[in-house]
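User: I have a chain open in my viewer and would like to understand the reasoning behind some of its labels. Could you walk me through them?

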Amino acid sequence: MTTDELRHQLEFYRDLGFKDLYRRSPLTLQPQSEMPPLKIPVELPGLMPENDTLDKICSDIGDCQRCRLGATRNKIVFGVGDPKAKIVFVGEGPGAEEDAQGFPFVGRAGQLLTQMIEGTSSKEGIPIKREDVYICNVVKCRPPENRTPEADEMETCGQFLFRQISVIQPKAICALGSTAAKALLGGKDGVTKLRGTWHKWQQLPLMVTFHPSYLLRPYNQNAKREAWEDLKKLLHFVYD
Ligand code: SF4
């Protein structure tokens, strides 16, 4: 790789919010501009290649063992939906059903997500179905016991999520829950603080709302109403 190519790659990662790039034996670049010398990792996450496609990302994932979640998963859960979708929904990670079937949001939370998308759009006079959007997760393998993915797992697997969104180029992104919001926006704020207003990921408008599994808990009636409001705002922004 030439110095220029390496510089572009590092700038790309900085734009994505990666601040700490390192390599076990630090390598110092020949300074050809004002860019300070950087340490780079032994294996950089895959840069979005030219003419990237969802098939290419899927094949790059392969039988992935890049993080510890690979050791305990059954199936990699890549994503599903229209590759030209106007909305990409991003959840946290696969659960037991998703891990068994290899598709995202197929358990109870998935059924609720389908109802949320189709019920709200039908009430609002917007004729879309679940298959018209794209649905994926921050991590593609199920965390054991459905624990929250660790920061290093999200960072490693996040490269594939970023490539998926970059290829699809939706009109808007919907982050479902705090984990997805943190993966896409950085920062520490949770869904309660972030929901209801527009944010941005790489110039694409991003709405944060509650994860459907949180809404399944019986005492979360207010959150259901708020999620419905968020979804209405999202659908009207994208389809009006
Ligand atoms: S979670 Fe992502 S990075 Fe980790 S093993 Fe699975 S596909 Fe690879």
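User: Let's start with aromatic rings. How many aromatic pairs are found in the whole structure?

Analyst: A search of the whole structure, which is a predicted model, gives three aromatic pairs. One to look at is W198 with F237, whose ring centres are 4.7 Å apart and whose planes meet at 45°.

User: Why is the pair of W198 and F237 called tilted?

Analyst: Centres within 6.5 Å make a pair, while planes under 30 degrees apart would be stacked and over 60 edge-to-face. W198 and F237 have centres 4.7 Å apart and planes at 45°, so the pair is tilted.

User: What makes this a link between distant parts of the chain?

Analyst: W198 belongs to strand β5 (residues 198–201) and F237 to helix α9 (residues 221–239), with their positions 39 residues apart.

User: Are these two rings buried, exposed or partly exposed, and how do you know?

Analyst: Buried needs under 20% relative accessible area and exposed needs over 50%. W198 has 32%, so W198 is partly exposed. F237 has 37%, so F237 is partly exposed.

User: Which residue lies over the face of F237?

Analyst: That is K171, at 6.0 Å from the ring centre. Elsewhere, the charged end of K232 sits over the ring of W228, 4.0 Å from its centre.

User: Now for helix packing. Why is α5 called roughly perpendicular to α6?

Analyst: Helix α5 (residues 151–168) and helix α6 (residues 178–185) pack at about 80°, with axes 10 Å apart. The range for roughly perpendicular is 65 to 115 degrees, so α5 counts as roughly perpendicular to α6.

User: Which residues make that contact, and what is their character?

Analyst: From α5 come M154, L161, F162 and I165, and from α6 come T179, A183 and L184. Six of the contact residues are nonpolar, one is polar and none is charged.

User: Staying with α6, which of its residues are buried, and what covers them?

Analyst: The buried ones are T179, A180, A181 and L184. Their cover includes β2 (87–91), α5, β4 (172–176), α7 (191–194), β5 and β6 (204–209). Just after α6 comes G186, with a positive phi near 70°.

User: What makes A180 a buried residue?

Analyst: The cut-off for buried is under 20% relative accessible area; A180 has 0%, so A180 is buried. Leaving aside neighbours within four places in sequence, A180 touches V90, G91, V138 and A175. The C-alpha atoms of A180 and H211, 31 residues apart along the chain, are 9.1 Å from each other.

User: P104 is in a loop between α3 (96–101) and α4 (108–123). Is P104 buried or exposed, and how do you know?

Analyst: P104 has a relative accessible area of 1%, so against the cut-off of under 20%, P104 is buried. Beyond neighbours within four places in sequence, P104 is in contact with V77, G79, V80, E98, R130, I135 and N137. For V77, the C-alpha to C-alpha distance to P104 is 6.1 Å, across 27 residues in sequence.

User: And for the chain as a whole, how many helices and strands are there, and what share of residues is buried?

Analyst: There are nine helices and six strands, and buried residues make up 47% of the 240 residues. Of the contacts with a separation of 6 or more, 69% join residues 24 or more positions apart.

Definitions and conventions
Residues numbered from 1 in each chain as written. Predicted model: local features only at pLDDT ≥ 70, side-chain atom pairs only at ≥ 80, totals over all residues. Heavy atoms only, no water. Phe/Tyr/Trp six-rings, centres within 6.5 Å; stacked < 30°, edge-to-face > 60°. Helix = DSSP H or I, 4+ residues; strand = E, 2+ residues; numbered from the N terminus. Buried < 20%, exposed > 50% of the residue type's maximum accessible area, 1.4 Å probe, protein only. Lys NZ or Arg CZ within 6 Å of the ring centre and 35° of its normal. Axes fitted to C-alpha atoms, helices over the stretch in contact; angles between N-to-C directions. Parallel < 35°, antiparallel > 145°, perpendicular 65-115°, else oblique. Contact = heavy atoms within 4.5 Å. Nonpolar A, V, L, I, M, F, W, Y, C, P; charged D, E, K, R; others polar.
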